[in-house]
Amino acid sequence: MNDYSLKRPKTPADHVGVLIAAVMLIVVGWGGLYYLVTTQPPRVGPRWIFFVLLFIAVAGTAMPLLRYLNVRFTPLSQPLPPGGVIVRQSAWVGLFFVTCAWLQLPRSLTIPVAFFLGLALVVFEIFLRSRELSRN
């Protein structure tokens with residue numbers, strides 16, 4: 001039996017829940033950002049709401065993409081990662097974008113800073129994921 005004949009089972013229930021949560025986060029995040037940017041003056045209070053809504057919007061948008069990448073690159077001989085892993089990875093993406101937006105306020109975001117920040121988050125996720133896989 002070759003690898004091409006192996007098929008993955010149906011979408012796990014926790015992945016369906018992740019996709020439903022992603023749709024809700026996308027609607028709340030991008031809708032809230034649109035409302036905030038079009039109606040509020042740029043003061044300190046709305047600035048923090050902007051960062052929260054940006055995190056929600058980016059994390060929700062990243063969830064389906066990260067789920068696709070996890071399903072695509074997980075070998076057929078191994079189980080799919082649980083939904084919590086996808087949520088955590090999308091939270092890293094949201095944290096990266098929010099941190100870059102925050103660093104852009106005083107104009108201290110540069111390409112090397114963004115690169116090393118992203119690299120640190122990727123290394124941390126690899127460490128967490130390898131630790132989870134070694135416990136199974």
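This briefing covers the salt bridges, one threonine contact and the two largest pockets of the structure. The model is predicted. A search of the whole structure finds 3 salt bridges. Shared partners join Arg88, Glu125, Arg129 and Glu132 into one network. The largest pocket holds about 400 Å³ of space, and the second largest has a volume of about 240 Å³.

**Salt bridges**

- Arg88 and Glu125 pair through their side chains, with N to O at 2.9 Å.
- That pair links distant parts of the chain: Arg88 sits in helix 3 (residues 83-104) and Glu125 in helix 4 (residues 111-135), 37 residues apart.
- Glu125 has a relative accessible area of 10%, so it counts as buried, the cut-off being under 20%.
- Arg88 also meets Glu132 in a salt bridge, at 2.6 Å from N to O.
- Glu132 lies in helix 4 and Arg88 in helix 3, so this bridge ties together parts 44 residues apart in sequence.
- Glu132 is partly exposed, at 27% relative accessibility.
- Glu132 forms a further salt bridge with Arg129, where the closest N and O atoms are 2.8 Å apart.
- Both Glu132 and Arg129 belong to helix 4, 3 residues apart, which is about one turn of the helix.
- Arg129 is buried, with a relative accessibility of 18%.

**Thr74**

- Thr74 lies in the loop between helix 2 (44-73) and helix 3.
- The side chain of Thr74 reaches the backbone oxygen of Asn70 at 2.4 Å.
- Thr74 is buried, at 14% relative accessibility.

**Largest pocket**

- The lining has 14 residues; Leu66, Gln89, Leu121, Val122 and Glu125 lie nearest the centre of the pocket.
- Glu125 thus appears both in this lining and in the salt bridge with Arg88.
- Helix 2, helix 3 and helix 4 each supply at least two lining residues.
- Helix 4 gives the largest share, 7 residues.
- By class, the lining has 8 nonpolar, 4 polar and 2 charged residues.

**Second largest pocket**

- Its lining includes Leu36, Val37, Gln40, Phe50, Phe51, Ala101 and Leu105.
- Three prolines, Pro41, Pro42 and Pro46, also line this pocket, as do Arg43 and Arg47.
- Helix 1 (13-39) and helix 2 are the elements that give two or more residues to this lining.
- The largest share, 4 residues, comes from helix 2.
- The lining divides into 9 nonpolar, 1 polar and 2 charged residues.

How values were computed: Residues are numbered from 1 along each chain as its sequence is written. This is a predicted model: local features need pLDDT of at least 70, side-chain atom pairs count only at pLDDT 80 or more; totals for chains, interfaces and linings use all residues. Side-chain values use heavy atoms; hydrogens and water are left out. A salt bridge is a side-chain nitrogen of Lys or Arg within 4 Å of a carboxyl oxygen of Asp or Glu. Buried means under 20% relative accessible area, exposed over 50%, partly exposed in between (1.4 Å probe, protein chains only). A polar contact is a pair of N or O atoms within 3.5 Å; within protein, one must be able to donate a hydrogen and the other to accept it, and residues adjacent in sequence count only if both atoms are side-chain atoms. On a 1 Å grid over the protein atoms alone, a cavity is a set of points where a 1.4 Å probe fits but cannot get out, and a pocket is an open set with protein on both sides within 12 Å along at least five of seven lines; lining residues have an atom within 4 Å of a point. Grid points are joined across faces, edges and corners, and a volume is the space filled by probe spheres set on the points. Ala, Val, Leu, Ile, Met, Phe, Trp, Tyr, Cys and Pro count as nonpolar, Asp, Glu, Lys and Arg as charged, and the others, Gly among them, as polar.
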